[in-house]
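Biologist: Can you pull up the model with its ligand? I have some questions about the site and the helices.

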Amino acid sequence: KIDIIIFLIMNFKIPENIKTILITGGAGFIGGWLVRRLLQETKITIINIDKYSYASDLEGINNLLMKNAINKERYFFFQTDLNNSEKISEILFAKRPDYIMHLAAESHVDRSLENPLNFIENNIIGTFNLLEATRLFFNSISKKEQDLFLFHHISTDEVYGSLGEKGSFNEASNYDPRSPYSATKAASDHLVFAWHHSYGIPIKLTNCSNNYGPYQFPEKLIPLTILKCLKKEPIPIYGNGLQIRDWLHVEDHVDALFKVIKNGKTGQKYCIGGHGEKTNLEVVKTICSRFDELSPQNLPHSSLITMVEDRPGHDTRYAIDPNLIQKELFWKPRYDFNKGIYQTISWYLNNEKWIEKMIEQSGYSG
Ligand code: NAD
């Protein structure tokens with residue numbers, strides 16, 4: 001009985017009155033997971049808008065569409081930059097989404113330090129253009145359609161800045177971004193709330209902690225470490241490696257997004273995190289140990305660890321207090337870190353061709 005009750009509480013079904021979801025950034029890591037889950041688990045029509053950057057990939061989605069069970073008629077991909085305002089409006093008016101999920105963003109802190117303008121253009125101006133197109137569209141639809149319509153902005157815990165040894169971020173935490181990436185994400189959060197308060201656009205906002213899992217571009221800590229272990233190359237760690245991140249498996253993030261779509265309150269923000277705090281050094285050592293188990297002849301992979309000069313302005317610690325989403329929406333993560341990291345390493349080992357393809361298409365030097 002308890003199992004049935006838990007199943008009913010945990011079910012991620014999306015309301016049937018949502019017929020069309022427009023996703024921006026659906027060729028990226030988290031967006032790709034979201035598109036695939038929506039295709040597999042719902043009958044909803046998906047509109048995917050992505051400019052297709054160095055980090056993009058549609059292989060996972062295309063593989064799924066080749067399987068007969070998925071109806072290709074309900075998936076549309078537009079390779080479009082959010083900064084092409086005319087095209088974005090055209091897509092909105094033609095496809096008439098009930099729900100928009102905005103994930104498109106430049107997402108790597110190191111790249112934001114090298115080229116902050118690119119982040120301002122994509123994350124701030126891109127969000128502004130999408131909101132303006134949404135406002136035009138929202139004002140053109142009937143009251144009944146407006147009552148259903150939602151703009152869901154997907155953001156990060158990095159907007160809250162850096163924590164000391166204790167405490168965690170929650171929905172009431174002050175914004176205190178400290179890198180060009182987090183500053184542009186914070187700006188986009190503010191724009192979304194402003195369009196809600198000033199123009200009446202119904203919104204929801206989620207701030208999630210660091211994600212990991214299959215299909216993540218290998219410049220981020222976990223896939224980069226896996227790549228280095230595979231190639232037996234030095235594994236770079238910034239500074240003393242004691243920076244703490246609150247790691248969450250991408251599927252748990254998507255589960256949380258489903259919960260927010262289903263029952264999240266309009267105008268509300270939800271912080272998403274699974275109490276997965278680990279130092280960068282712990283994360284890298286866990287991956288090395290797993291590689292030691294898999295190939296004991298190449299011992300020990302931790303000898304590849306190489307400390308490098310710290311990233312400027314490197315935030316010390318992030319942690320999320322997920323109390324609101326757990327209590328109000330009955331979300332909880334399915335993966336603990338060890339289970340998630342094992343699954344992720346196995347995926348990369350079985351998909352070395354994918355890594356090669358991504359490195360080749362992006363010219364990323366690792
Ligand atoms: P990603 O870099 O893998 O994917 C982002 C996608 O957005 C790419 O496919 C890119 O081409 C697209 N994009 C960027 N600018 C665009 C533009 N102007 N027009 C159209 N498409 C554009 O990033 P991700 O890790 O999947 O992150 C997705 C979202 O989730 C981001 O908004 C990010 O801030 C947020 N987020 C990420 C994490 C994480 O740990 N990865 C955690 C919390 C929140």
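Modeller: Here is the ligand site first, then the helix packing.

Modeller: This is a predicted model, where local features need pLDDT of at least 70, side-chain atom pairs count only at pLDDT 80 or more, and totals for chains, interfaces and linings use all residues. Residues are numbered from 1 along each chain as its sequence is written, and side-chain values use heavy atoms, with hydrogens and water left out.

Biologist: How many residues surround the ligand, and which are the closest?

Modeller: There are 28 around the ligand, and Asp 50, Ser 56, Ser 107, Tyr 181 and Lys 185 are the closest. A residue counts if one of its heavy atoms lies within 4 Å of the ligand.

Biologist: What does the side chain of Ser 107 do there?

Modeller: An N or O atom in the Ser 107 side chain sits 2.7 Å from a ligand oxygen atom. A polar contact here is a pair of N or O atoms within 3.5 Å. Backbone N or O atoms also come in: one from Ser 53 at 3.1 Å from a ligand oxygen, and one from Gly 28 at 3.3 Å from a ligand oxygen.

Biologist: How much of the ligand does the protein bury?

Modeller: The protein buries 96% of the 830 Å² that the ligand exposes when taken alone. Those accessible areas come from the Shrake-Rupley method with a 1.4 Å probe.

Biologist: Which elements give two or more residues to the shell?

Modeller: Helix 2 (29-41), strand 5 (150-156) and helix 8 (180-199) do. Strand 5 has the largest share, three residues. Helices (H or I, at least four residues) and strands (E, at least two) are DSSP runs, numbered from the N terminus.

Biologist: And how do the shell residues divide by type?

Modeller: Twelve are nonpolar, twelve polar and four charged. Gly is put with the polar ones, and Tyr with the nonpolar.

Biologist: New topic. How does helix 2 pack with helix 3?

Modeller: Their axes are 9 Å apart, at an angle of about 15 degrees. That makes helix 2 roughly parallel to helix 3, since angles under 35 degrees count as roughly parallel, over 145 as roughly antiparallel, 65 to 115 as roughly perpendicular and the rest as oblique. Axes are lines fitted to C-alpha atoms, for helices over the stretch in contact, and angles run from 0 to 180 degrees between N-to-C directions.

Biologist: What about helix 2 and helix 10?

Modeller: Helix 10 (residues 250-263) packs with helix 2 at about 60 degrees, with the axes 10 Å apart. The two are therefore oblique to each other.

Methods
Polar contact = N/O pair within 3.5 Å; in protein donor to acceptor, adjacent residues only side chain to side chain.
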